[in-house]
Amino acid sequence: MATGRTISASFLTERDARVIELCDRISSSIAKQISDADQKRKFIRDFGKTSKTRDAGLGVGAGKLQRDALCTRGRQGKAPFSNRNLRWHPLVVADAPSDCAMPIKEIKIEGDELLVFVVEESGKRRRYRSDKTHMMRERYVALPEHWIPHVSVLKGWSDTQWTQNSCVIPMQEACDWQDAVETFAILGIAVAVELFGLDFQKVYAAVTGILAQQEIDSNIKLPSALFPTQRGDITNCPVCKVSIAENAAKMPERERGKVWQPAWRRTKREEGEESSIQILHVNPLIEQELCHDAGNVRYGHRWCNVAMTDHSLDETLDFMEHIVRAHNRCQ
């Protein structure tokens, strides 16, 4: 299976670099408001650090904000998915056409080991190898019909071949660069206020001020109408309505049994705690729309996120209501 970094992980377009720089200014402005030196270092290390790479720098180069807001999930397997990539990466895959991306013309295989995507730009056909797909000028989608002619070849590819062709992202995880930046800002505000004790109004003003001054595209005005204005809408878990700094639903903290882990490996046990925070989509991501935006992305408790699975908040609450009524727990 593909086990390495996404192809061309260290190569950014000029816009890619400017977007990451904008996010770095946001996290730096938050860090400046943290007076305690140890806490400031912790915020930068765990959350605010940025990496000028497509995949957040091997998972350790950037903090949680960049990994969650700007990058797709880590993916491995016998498929051309990037093992993390920027969410506005221009080549996506989907099961059916939509208005969110233009279909490519065809896929070719160069030298039996390199994918080439043929698209139409300004009335002319242009070829992009897997390591150059980040340079596409528009968002394009590769559909099942484009892959079918090559199935017999692709199913025999080695791990190395898949790794050097990890160049697409799922359509459902895609978004425009400005939406990625706004989610970075929202998650940053939530962490700054609830986990590091900063004043909401001061952080909010500083962050939205930076958004309003963006110079990446003069036709785009930030913050957008989707950007929340109330503290609770940013800092509370959308499911249980409790601060992300507290236990999910204010439940008593549970004592987890110890499980042996090799001492020579980095442990992620804390990430599995029920009240650890995870990126949460209020409405599930779907291929037909760009849903990773300021109105849909929040930090929530792991317990709450797991309870939602791939359902919307309304569907989750309906399910919970039925369970509570079935057990006669309603007051």
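1. Two strands are said to pair if DSSP finds at least two bridges between them. With that in mind, please read this note as a commentary on a predicted model, in which strand β8 (residues 277–281) and strand β9 (residues 297–301) pair in the antiparallel sense, over five bridges. Two of the facing positions are worth finding in the viewer: isoleucine 279 stands opposite tyrosine 299 in β9, and leucine 280 has arginine 298 of β9 as its bridge partner.

2. The next point is how far these two strands are covered. In β8, four of the five residues are buried, and the strand is mostly covered. In β9, five of the five residues are buried, so this strand is largely enclosed by the rest of the structure.

3. A second group of strands deserves separate attention. Three strands form an open sheet in the order β3-β4-β5, with antiparallel pairing. Because β3 (106–110) and β5 (124–129) stand at the edges, each with a single partner strand, one side of each is left without a neighbour in the sheet. If direction is ignored, neighbouring strands of this sheet are turned by 30° against each other on average. Between β4 (residues 114–121) and β5, the antiparallel pairing runs over six bridges, and here glutamate 120 stands opposite arginine 125 in β5.

4. Turning to the interior, it helps to recall that in soluble globular proteins nonpolar side chains tend to be buried together. In this model the largest nonpolar core has 50 residues, and those with the most contacts inside it are Ile26, Phe43, Leu70, Trp177 and Ile189. At least two residues of this core are supplied by each of α1 (14–32), α2 (37–48), α3 (64–70), α7 (177–194), α8 (200–212), β8 and β9. Its largest share, twelve residues, comes from α7. Apart from this core lies another one, of 17 residues, among them Val93, Ile107, Leu115 and Tyr140.

5. Which helix does α1 run roughly parallel to? Two packed helices are described by the angle between their axes and the distance between the axes. The axes of α1 and α7 come within 10 Å and cross at roughly 15°. Since angles under 35 degrees count as roughly parallel, α1 and α7 are therefore roughly parallel to each other. The crossing in which α1 passes α7 is right-handed. On the α1 side, the residues that meet α7 are Arg15, Val19, Leu22, Cys23, Ile26, Ser27 and Ile30; on the α7 side, they are Trp177, Val181, Phe184, Ala185, Gly188, Ile189 and Ala192.

6. Two residues of this helix pair can be followed in more detail, leaving aside in both cases any contacts up to four places away in sequence. Tryptophan 177 touches Arg15, Val19, Leu22, Trp88, Gln214, Ile216, Asp217, Ile220 and Leu222. Valine 181, which is found in helix α7, touches Val19, Leu22, Cys23, Ile26, Leu70 and Leu211.

7. Is valine 181 buried or exposed? Buried means under 20% relative accessible area, so valine 181, at 0% relative accessibility, counts as buried. To connect this helix with the strands of the opening point, one may note that the C-alpha atoms of valine 181 and isoleucine 279 are separated by 14 Å, although the two residues are 98 residues apart along the chain.

8. Finally, a careful reader should look at the backbone, where most residues other than glycine have a negative phi, and most peptide bonds are trans. Against that background, the peptide bond from leucine 222 to proline 223 is cis, with omega near -5°, and proline 223 has its place in the loop between α8 and α9 (231–235). Serine 8, in the segment before α1, has a positive phi, near 60°, and it is buried, with a relative accessible area of 13%. Alanine 56, in the loop between α2 and α3, also has a positive phi, of about 65°, although it is not a glycine; at 0% relative accessibility, alanine 56 counts as buried.

Note on methods: Residues numbered from 1 in each chain as written. Predicted model: local features only at pLDDT ≥ 70, side-chain atom pairs only at ≥ 80, totals over all residues. Heavy atoms only, no water. Buried < 20%, exposed > 50% of the residue type's maximum accessible area, 1.4 Å probe, protein only. Core = buried A, V, L, I, M, F, W, Y, C linked by side-chain atoms within 4.5 Å. Contact = heavy atoms within 4.5 Å. Axes fitted to C-alpha atoms, helices over the stretch in contact; angles between N-to-C directions. Parallel < 35°, antiparallel > 145°, perpendicular 65-115°, else oblique. Left-handed = near helix turned anticlockwise from the far one by under 90°.
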